[in-house]
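Biologist: I would like a close look at a single part of this model. Please keep it brisk and stay with what the coordinates give.

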Amino acid sequence: MTLDKLDRKHFGKDQTIFTEGDAGNCAYIIESGEVEIMHSNASGEQRLSLLQAGELFGEVALLDLHPRTASARTTQDSVLIQIERHLVQELLERSDPILRHLLQVILERFRNNPAHDVPHGSSARQTQDNEASRRELQGAATQKLAMAHGITRALNQNEFEMYYQPICDLKDDSVAGFEALIRWHHPTEGMIPPMDFLWLAEQTGQIRQLGLWTLERASRDWARLRGMTQHPQPFVSVNLSARQLTGDNLVEDVKAIIARHKMPPESLKLELTETVMVEQPALAMNILSRLIELGFQLALDDYGTGYSGLDNLQRYPIGTLKLDRAFVAPMLTSKQSLEIVRSSIALAHTLGMSVVAEGIETRETRDALAELGCDYGQGWLFGKPLPLV
Ligand code: C2E
Ligand code: CA
Ligand code: CA
């Protein structure tokens, strides 16, 4: 990004650039002129600073989507260089995840700094409360940073392990495939379940590297997994996060990984949730279609927990529907869950999709699902996730 490629804007004297509360999506450098930054509190509007040529303002908006916390207006004719948020976001996306996370932590502290927001004359009690919550926030931020650092170390020192859980054909309970589920063997904390660190990896962007690791590991293990099933179309399912799917080069990366391990594409099933399809429909369609063209299989994970109906999703080339454990587990005690399970299976079949029910823990649930025509089952009844020994 160079200065001469950025937009310049001319402002007359006393012109408002932005107002407190506005959605901020850019920062400005003053090329010529003068800008005053104003903040309103209980006693009215107050000038925070008067900025001259060469100075930068509005920069916090480049990193997060919070509204402006101050107003800006010119005090004379001025030329401002505008830096759009999306330009910086692209650079950030490509930068080191720890650096990115550090910036977020600094920003979080800035946003929660009581000196910034507390009006004059607020009670001592309120200030104490703010101080306590600021400390708590800083503690949480530091912990997050330590964990983000831990994830990078874990990747370099092989602390992650892949566990595999069988997915069975409900016709005869034979093993048809496996779902790959990541585990973190932390040197001091012991085993950390995926839900406790994946959210942070999502935030920092480390999920991309983790995702490549999971794909690599599942492809490497495919030859052994293959030997554990007699099914005519055996598969291993790998979970893909939304960010991974829309990141650079996913299609090329997956292609290269399976080629390296001589794995046929139809044996790799990629599990995704509806989030991407709802939030970035065109991009999702493009990527999913390319994956299908290359011969990979796709599964829609956690079906029923999201916000969109299957009728919305049927435009996508997805062959398998995974019914969430939240409906499967209580289906024999809750009429409503049973109805959701029954109608989802019927709808999926109408759309030509096969169905996997997750979280089957009892034979009764398994039998009821088989009765409803569900194709595959996964759950403790058939086996817990285990490492390959
Ligand atoms: P998920 O994709 O819905 O995976 C199924 C989860 O249900 C797994 O939890 C599995 O251990 C658990 N489960 C399976 N059968 C039963 C059962 O009968 N009863 C009960 N109570 N639980 C059962 P896990 O391994 O803790 O994974 C949690 C979530 O973390 C996964 O949910 C998935 O969203 C995510 N995840 C796991 N591994 C990966 C990975 O490698 N990459 C990504 N992006 N996400 C992953
Ligand atoms: Ca899954
Ligand atoms: Ca699931």
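Biologist: Which residues are the protein donors of the calcium ion (ligand 2), and through which atoms? Please take me through the strands around that site as well.

Modeller: A caution to begin with: this is a predicted model. The calcium ion (ligand 2) has these protein donors: Glu-179 through OE, Asn-239 through OD1, Glu-271 through OE and Asp-301 through OD. They lie 2.2 to 2.3 Å from the ion. Water is not among the atoms, so the site may look incomplete. Along the chain, the donors of this ion follow the spacing E-x59-N-x31-E-x29-D.

Glu-179 belongs to strand S10, residues 174-186, and Asn-239 to strand S12, residues 235-239, so this pair ties together parts that are 60 residues apart in sequence.

Next, Asp-301. This residue bridges two ions, the calcium ion (ligand 2) and the calcium ion (ligand 3). The two ions lie 3.9 Å apart.

Now accessibility. Glu-179 has a relative accessibility of 4%, so it counts as buried; the cut-off for that is under 20%. Asn-239 has a relative accessible area of 28% and is partly exposed. Its strand, S12, is mostly covered, with four of its five residues buried.

The strands come next. S10 pairs with S12 in the parallel sense, over four bridges. In that pairing, Glu-179 faces a residue of S12: it stands opposite Ser-237. S12 also pairs with strand S13, residues 268-272, again in the parallel sense and over four bridges. Here Ser-237 stands opposite Lys-269 of S13. Ser-237 therefore has Glu-179 opposite it in one pairing and Lys-269 opposite it in the other. A general point helps when reading these strands: in a regular strand the side chains alternate between the two faces of the sheet.

To pull the site together: the donor Glu-179 is in S10 and the donor Asn-239 is in S12, and those strands pair in the parallel sense. S12 in turn pairs with S13. Glu-179 is buried, whereas Asn-239 is partly exposed. Asp-301 completes the list of protein donors and also bridges to the calcium ion (ligand 3).

Note on methods: Residues are numbered from 1 along each chain as its sequence is written. Chains are lettered from A and ligands numbered from 1 in the order in which they are written. This is a predicted model: local features need pLDDT of at least 70, side-chain atom pairs count only at pLDDT 80 or more; totals for chains, interfaces and linings use all residues. Side-chain values use heavy atoms; hydrogens and water are left out. Donors are N, O and S atoms within 2.8 Å of the metal (3.2 Å for Na, K and Ca); water is not among the atoms, so sites may look incomplete. Helices (H or I, at least four residues) and strands (E, at least two) are DSSP runs, numbered from the N terminus. Buried means under 20% relative accessible area, exposed over 50%, partly exposed in between (1.4 Å probe, protein chains only). Two strands pair if DSSP finds at least two bridges between them.
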